[in-house]
Amino acid sequence: MNTELRKQFPILQEQINGKPLIYFDNAATTQKPLCVIEAMDRFYFHDNANIHRSVHTLAQRATESYDQAREKTRSFINAKKVSEIIFVRGTTEAINLVAQSYGRKNFHAGDEIVISTMEHHSNIVPWQLICEQTGAKLQVVKIHENGELDLDHYEKLLNKRTKIVAITHVSNTLGTINPIKKIIAIAHAHNIPVLIDGAQAVSHMQVDVQNLDCDFYAFSAHKMYGPTGIGVLYGKENLLDSMPPYQGGGDMISKVTFAKTEYADLPQKFEAGTQNIAGAVGLAVAIDFLNSIGMDEISKHEHDLLKYLNKISLEINGLKIIGNALDKVGVVSFVLDKIHPHDVATILDTEGVAVRAGHHCTMPLMDFYGVPATTRVSFGLYNTEEEIDIFVTAINKVKKIFAR
Ligand SMILES: Cc1ncc(COP(=O)(O)O)c(C=O)c1O
């Protein structure tokens, strides 16, 4: 990726502790390009109004921008219809929506929900909540030591009681890209719907929900160079149509009387209250930005960085990578000798290198590997091999400090 592209991210000019920022925490959130920041500014400077309510010019402009953002999102993931795109706060809210709306209607005592060992807490806890409410129970697909799903175990878990499969497309901790097309086909052979947590996938690869044939797909704008506070739930129209509203309020109704309320059609049925309109504007521009570079180009660049780091890390004594699946995005979790990941991250920060240390909201996965935490490097499209070289020098500094 060229320097012109990096210039589009003003934050990359920051000095951290007197050193140029090296931002390797993209799985937590990505930085925002100027075009996204400016589009949101422009909206508040020139177009701000509430949507779907008033006839005045600003309201029309705001409504048009919001509706265009939905169409852009539809096209980005190749959904069949705009009515299948629900704007939510993020992946977490999307999964809670499905658990509460689809789950409350369809789950009963003794039913089973299949998730996996590598899920983010966002794809565990919402299902535990609905289990408590309905008497359904969780079944957890095992993983292999290299961080790949145990597909034999997955197949064995599916049965008449399985009511939904909810699996991550890409692991935020291991980087594993799961074979979700196969996973979906296997579930569909048993007539089981599948929700895919796409939080870590959409910024790294082309996603086509029709080709995948997933029933639900959830993602967050802030992990794909867009703003925080907005995300997407894709759902097949027939499923969304069959589901009761998740929240009640303005904009999700067609008629309200004290005796009875009739709900709006999709997608409004699931968008109660004033939405994150400026967020939708930012998301649309982030999609344009990704498309202007090309998802294949981004995938290739990040994969090259992953290969480079994998190779160079072999030269660092005591560094052990957790998660070595064959198919991975640019996410590398590691432990370094007996040094606590928080110490590693703190020293790296003094060198300007931002990484994440902790359980990455995957505590059951940490239990599986028998570690309390890891340090995680996660690449974005603006990262470079030179930054990896500086990171390696900084890691050697950490080792030296702890060798004293
Ligand atoms: C795999 C995965 N799922 C879900 C989430 C939750 O996303 P959000 O906090 O944007 O709702 C994350 C965030 O890190 C994630 O990595």
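In this predicted model, the search for enclosed spaces returned 1 cavity of 30 Å³ or more. The volume of the largest cavity is about 40 Å³. Its lining is made up of Asn26, Ala27, Thr30, Gln200, Ser203, His204, Lys223, Tyr225, Phe379 and Gly380. Sorted by class, the lining of the largest cavity holds 6 polar residues, 3 nonpolar ones and 1 charged one. Two of these names are worth keeping in mind for what follows: Gln200 and Lys223 line the cavity, and both are also listed among the residues closest to the ligand.

The open spaces come next, and here the ligand provides a helpful landmark, since the ligand sits in the largest pocket. This pocket has a volume of about 370 Å³. It is lined by 25 residues, and those closest to its centre are Thr92, Ser122, Ser220, His222 and Lys223. Among the structural elements, helix H4, which spans residues 91–106, gives the most to this lining, with 3 residues. The lining of the largest pocket includes 13 polar residues, together with 6 nonpolar and 6 charged ones.

A closer look at the ligand itself shows a shell of 13 residues, of which Thr92, Asp197, Gln200, Ser220 and Lys223 are the closest. Of the residues in this shell, 10 are polar, 2 are charged and 1 is nonpolar. Three side chains can be described in atomic detail. Asp197 places a polar side-chain atom 2.5 Å from a nitrogen atom of the ligand. For Ser220, the distance between an N or O atom of the side chain and an oxygen atom of the ligand is 2.7 Å. Lys223 likewise has a polar side-chain atom 2.6 Å from an oxygen atom of the ligand. On its own the ligand has 390 Å² of accessible area, and the protein covers 85% of it. Ser220 and Lys223 thus appear both in these contacts and in the list of residues closest to the centre of the largest pocket.

The second largest pocket has a volume of about 180 Å³. Its lining comprises 15 residues, with Phe87, Val88, Arg89, Glu93 and Gln275 lying nearest the centre. Strand E4 (85–88) and helix H4 are the elements that give two or more residues to this lining. Helix H4 therefore deserves a second glance, as the same label was met in the lining of the largest pocket. By class, the lining of the second largest pocket has 7 nonpolar, 5 polar and 3 charged residues.

Two features of the backbone complete the picture. Most peptide bonds are trans, and most residues other than glycine have a negative phi. Against this background, the bond that joins Leu266 and Pro267 is a cis peptide bond, with omega of about -5°. Pro267 is placed in the loop between strand E12 (261–263) and helix H10 (277–293). His52, although not a glycine, has a positive phi of about 60°. The loop that holds His52 runs between helix H2 (34–47) and helix H3 (57–77).

Technical notes: Residues are numbered from 1 along each chain as its sequence is written. This is a predicted model: local features need pLDDT of at least 70, side-chain atom pairs count only at pLDDT 80 or more; totals for chains, interfaces and linings use all residues. Side-chain values use heavy atoms; hydrogens and water are left out. On a 1 Å grid over the protein atoms alone, a cavity is a set of points where a 1.4 Å probe fits but cannot get out, and a pocket is an open set with protein on both sides within 12 Å along at least five of seven lines; lining residues have an atom within 4 Å of a point. Grid points are joined across faces, edges and corners, and a volume is the space filled by probe spheres set on the points. Ala, Val, Leu, Ile, Met, Phe, Trp, Tyr, Cys and Pro count as nonpolar, Asp, Glu, Lys and Arg as charged, and the others, Gly among them, as polar. A residue is near a molecule or strand if one of its heavy atoms lies within 4 Å of it. A polar contact is a pair of N or O atoms within 3.5 Å; within protein, one must be able to donate a hydrogen and the other to accept it, and residues adjacent in sequence count only if both atoms are side-chain atoms. Accessible areas come from the Shrake-Rupley method with a 1.4 Å probe; for residues, only the protein chains shown count as cover. A molecule sits in a cavity or pocket if more than half of its atoms lie within 2 Å of its grid points. Helices (H or I, at least four residues) and strands (E, at least two) are DSSP runs, numbered from the N terminus.
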